[in-house]
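Hi,

Here is the structure I promised to pass on. Have a look at it first, and my notes follow underneath.

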Amino acid sequence: MSPKKSTIVRIFTWGERWAPAVATRIATRIWFRIPPPIPRDRLPALPPGAATALELRGRPLHVVTWGVGEPVYLVHGWGGRSEQLGGLVAPLVAAGHRVVCFDGPGHGTSPGPRSTTIPELADALRAVVAEHGRPHAVIAHSLGAAVTAHAVRNGLRPRALVLLAPTADPRRVLDHFVHRIGAGPRVRAGVERAVARRVGLPWEAFHVPSLHRSVPVPPTLVVHDADDREIGPEHGRAIADVWPGARLLQTEGLGHRRLLRDPGVIDEAVRFVADARSVRRPA
């Protein structure tokens, strides 16, 4: 979207000045709206696995598992789907793990509402964990990292985390969102208030770098690409700089999604998860 030419930008620029309340309501709806699903045929197919039946609030969740052993959960990001993380499945199974992958409500193959929130997606992760067992590790991409952090804040205790291009601070994402739609400070403040009302929590509750102050965090590998234009590398650095025991792997030229298919990134993630077998689970 060109900040200077799009109709959306012109509408929100006008709304910021003349009708901020209306512009705020529209912007809030866009903020929560799940992007159209990535067509399955644009991604490599997942290897054959065992589909399991699981319901969350009366709607089925698409869950697939592979292998045996302590489970490793794969968590996609906003508007994503499980196939994006498919490159991790075979190496994790070969390393002796059971891999559990799912599509969040309204994402991929799972039906659901057209809008959702981090707590609702974290509820889905906890429901899958309740069905398939305590996690040895969680590997999460983009907003899936904030979803996983929210689950950790509320009791999830993996031995290891791998955060790929993680969203660390939703307020930074809001800044980017407001800039892209052409709005300004009045609409931004309105969206901030509206989001807090809907989720029932302050924005600080979703600030991933601060998580270690309230609960113990497991050893964590953060992978972020220097050329990520969707979620900038400062997000990954903000987590790795303050979480005890966290390690940052910075890549170049892979962007936000190609790092999910990069053999080097996959090798590092699988090795980190395997090395965590001897790690004591956080209390």
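First, a convention for burial: I call a residue buried under 20% relative accessible area, exposed over 50%, and partly exposed in between, using a 1.4 Å probe and protein chains only. By that scale Val242 is partly exposed, with its relative accessible area at 37%.

Before the rest, the small print. This is a predicted model, where local features need pLDDT of at least 70 and side-chain atom pairs count only at pLDDT 80 or more, while totals for chains, interfaces and linings use all residues. Residues are numbered from 1 along each chain as its sequence is written, and side-chain values use heavy atoms, with hydrogens and water left out.

**The whole protein**

The protein has nine helices and eight strands; these are DSSP runs numbered from the N terminus, with helices being H or I of at least four residues and strands being E of at least two. Its radius of gyration is 19 Å, close to the 19 Å that the globule rule gives for 283 residues, so the protein is as compact as a globular protein of that length. (That radius is taken over C-alpha atoms, and the rule is 2.2 Å times the number of residues to the power 0.38.) The C-alpha trace spans about 60 × 40 × 35 Å along the principal axes.

Of the 283 residues, 54% are buried. The protein exposes about 13000 Å², with carbon and sulfur atoms supplying 55% of that area; accessible areas come from the Shrake-Rupley method with a 1.4 Å probe, and for residues only the protein chains shown count as cover.

For contacts I use heavy atoms within 4.5 Å. Taking contacts between residues at least 6 apart in sequence, 76% join residues at least 24 apart.

On charges, there are 38 positive and 24 negative ones, and their mean positions are 6 Å apart. Lys and Arg count as positive and Asp and Glu as negative, with His and the chain ends not counted; each charge is placed at NZ of Lys, CZ of Arg, CG of Asp or CD of Glu.

**The run of parallel strands**

This is the part I'd open in the viewer. Two strands pair if DSSP finds at least two bridges between them. Strand 5 (residues 137–141) pairs with strand 6 in the parallel sense over five bridges, and Ile139 has Val162 of strand 6 as its bridge partner. Strand 6 also pairs with strand 7, again parallel, over four bridges; here Leu163 is matched with Val222 in strand 7. Strand 7 then runs parallel to strand 8, joined by six bridges, and Thr220 has Ala246 in strand 8 as its bridge partner.

How well covered is strand 6? Five of the five residues in strand 6 (160–164) are buried. Ala160, Val162 and Leu164 sit on one side and Leu161 and Leu163 on the other, so to speak, with both faces covered.

Strand 7 (residues 220–225) has six of its six residues buried, so it is largely enclosed by the rest of the structure. Thr220, Val222 and His224 point one way, Leu221, Val223 and Asp225 the other way, and all are buried.

Right after strand 6, have a look at Ala165, in the loop between that strand and helix 6 (170–181). Ala165 is buried, with a relative accessible area of 0%, and its phi is near 45°, a positive value in a residue other than glycine.

**Some individual residues**

Arg57 also has a positive phi, near 50°, and is not a glycine either. Arg57 lies in the loop between strand 1 (50–56) and strand 2 (59–66) and counts as exposed at 59% relative accessibility.

Glu55, in strand 1, is exposed too, at 57%. From Glu55 to Arg271 the C-alpha distance is 33 Å, with their positions 216 residues apart in sequence.

Back to Val242: its place is the loop between helix 8 (233–240) and strand 8 (246–251). Leaving out residues up to four places away in sequence, Val242 touches Pro209 and His212. Its C-alpha is 29 Å from that of Cys101, which is 141 residues away along the chain.

Finally, Thr28 belongs to helix 2 (residues 20–32). Thr28 is buried at 11% relative accessible area and, with the same sequence neighbours left out, touches Val191 and Ala194.

Cheers
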